[in-house]
Amino acid sequence: MTPAGTPLSPAPLHGEARRRTAAMEAWMYQAAGSRQAAVDEWTHQGVALLTAGIVWDAIRVPHNVLAPDLGCDADPDTLRRRLAELGLSGSVFCDPYRPFLYFLVPPGTDQRWPRDIAAGVECLGGTRPYIHHVGVPRLDRLAPPGLYWLTLPHDTGWHAAPQHLEQVLRARVAEAAKQDGAPGGPLTSPPPVTAPSTP
């Protein structure tokens, strides 16, 4: 049972599994404005709206930045293998409808995260005036339909490493640009439009 008295998993857990799940729940509840509201949302909707910038920021990455062939139909095992191949670990969940991956990184990362990596890559944090709220799947959701976890908190570390993630994303964008044969490639943001000079 959760501290609020509502089970978040479909079957009872015991021993080490129960302790690990309780630790993950407690970590996530720190980002909830109301613990009971989070429990209710997870129980009835499978997704709870939590606040970034308290115990984590979330870096949102479109599937095709990791690999051009990844789309809405990419299955969880394929995505997990891709993360492993790229050496990406930490807490990661998937929104298959967009499709986006969300990497949970240390709070405050949004203050340093670059904005020029690729279109759609964004760090959602709590630095004012932009406090972001993120829909986070229930901890027992490990496959579609809906949002689901690729790697749970505590499985490979609570946070993903933002510096390593940035390096991987830049390398993927550069590789895509090289294969496309054009500077900047298809994944980068378009260059700024400059006004023509006045004669």
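Buried residues are those under 20% relative accessible area, exposed residues are those over 50%, and partly exposed residues lie in between; these words are used in every legend below, and the model shown is a predicted one.

**Figure 1. The whole protein is built from five helices and seven strands.** Read along the sequence, these elements follow the pattern α-α-β-β-α-α-β-β-β-β-β-α. The protein has 199 residues, of which 46% count as buried. Among the contacts with a separation of 6 or more, 71% are made by residues that stand 24 or more positions apart.

**Figure 2. Helix α2 has a buried side and an exposed side, seen here along residues 35-45.** The buried residues of this helix are A38, V39 and W42. They cover an arc of only 100 degrees around the axis, which puts them on the same side of α2. An α-helix has 3.6 residues a turn, so residues three or four places apart point the same way. On the other side of α2, the residues H44 and Q45 are exposed, as they would have to be over 50% in relative accessible area to earn that word. The buried residues of α2 are covered by parts of the protein that include α1 (15-29), β1 (47-51) and β6 (133-137). Just after the helix comes G46, which takes a positive phi of about 85 degrees. Most residues other than glycine have a negative phi.

**Figure 3. Helix α4, residues 76-85, also has a buried face.** Here P76, L79, R82 and L83 are buried. Seen down the axis of α4, these buried residues fall within an arc of 125 degrees, so they line one face of the helix. The face turned away from this buried side carries A84 and E85, which are exposed. The cover over the buried residues of α4 includes two helices, α3 (63-66) and α5 (162-180), together with the strands β3 (92-95), β4 (100-105) and β7 (148-151).

**Figure 4. L150, a residue of strand β7, is shown with the residues it touches.** With a relative accessibility of 6%, L150 counts as buried, because the limit for that word is under 20%. Leaving out residues up to four places away in sequence, L150 touches P76, L79, R80, L83, V92, F93, C94 and L101. Of these, P76, L79 and L83 are among the buried residues of helix α4. The view also takes in R81, which is 69 residues from L150 in sequence, while the C-alpha atoms of the two are 9.9 Å apart in space.

**Figure 5. Three of the nine salt bridges in the structure are picked out for a closer look.** Side chains of opposite charge can pair when their charged atoms come close. In one salt bridge, E25 pairs with R18, and their closest N and O atoms are 3.5 Å apart; both E25 and R18 are buried. In another, E122 pairs with R60, with the closest N and O atoms 2.7 Å apart. E122 lies in strand β5 (residues 122-124) and R60 in strand β2 (residues 57-62), so this pair ties together parts that are 62 residues apart in sequence. E122 itself counts as partly exposed, at 31% relative accessibility. A further salt bridge joins D140 and R138, whose closest N and O atoms are 2.6 Å apart. D140 is partly exposed, with a relative accessible area of 24%, whereas R138 is buried, with a relative accessible area of 16%. Elsewhere, salt bridges that share partners join D116, E166 and R170 into one network.

**Figure 6. The largest pocket has a volume of about 290 Å³.** Its lining is made of 13 residues, and those nearest the centre of the pocket are D110, R115, E122, C123 and H132. The lining residues divide into six nonpolar, three polar and four charged. E122, which lies nearest the centre together with the others just named, is also the partner of R60 in a salt bridge.

**Figure 7. Two cis peptide bonds are shown, one leading to P129 and one leading to P145.** Most peptide bonds are trans. The bond from R128 to P129 is cis, with omega near 10 degrees, and P129 has its place in the loop between β5 and β6. The bond that joins P144 and P145 is likewise cis, with omega about 5 degrees, and P145 lies in the loop between β6 and β7.

Technical notes:
Residues are numbered from 1 along each chain as its sequence is written. This is a predicted model: local features need pLDDT of at least 70, side-chain atom pairs count only at pLDDT 80 or more; totals for chains, interfaces and linings use all residues. Side-chain values use heavy atoms; hydrogens and water are left out. On a 1 Å grid over the protein atoms alone, a cavity is a set of points where a 1.4 Å probe fits but cannot get out, and a pocket is an open set with protein on both sides within 12 Å along at least five of seven lines; lining residues have an atom within 4 Å of a point. Grid points are joined across faces, edges and corners, and a volume is the space filled by probe spheres set on the points. Ala, Val, Leu, Ile, Met, Phe, Trp, Tyr, Cys and Pro count as nonpolar, Asp, Glu, Lys and Arg as charged, and the others, Gly among them, as polar. A salt bridge is a side-chain nitrogen of Lys or Arg within 4 Å of a carboxyl oxygen of Asp or Glu. Buried means under 20% relative accessible area, exposed over 50%, partly exposed in between (1.4 Å probe, protein chains only). Helices (H or I, at least four residues) and strands (E, at least two) are DSSP runs, numbered from the N terminus. The arc is that of the directions from the helix axis to the C-beta atoms. Contact means heavy atoms within 4.5 Å.
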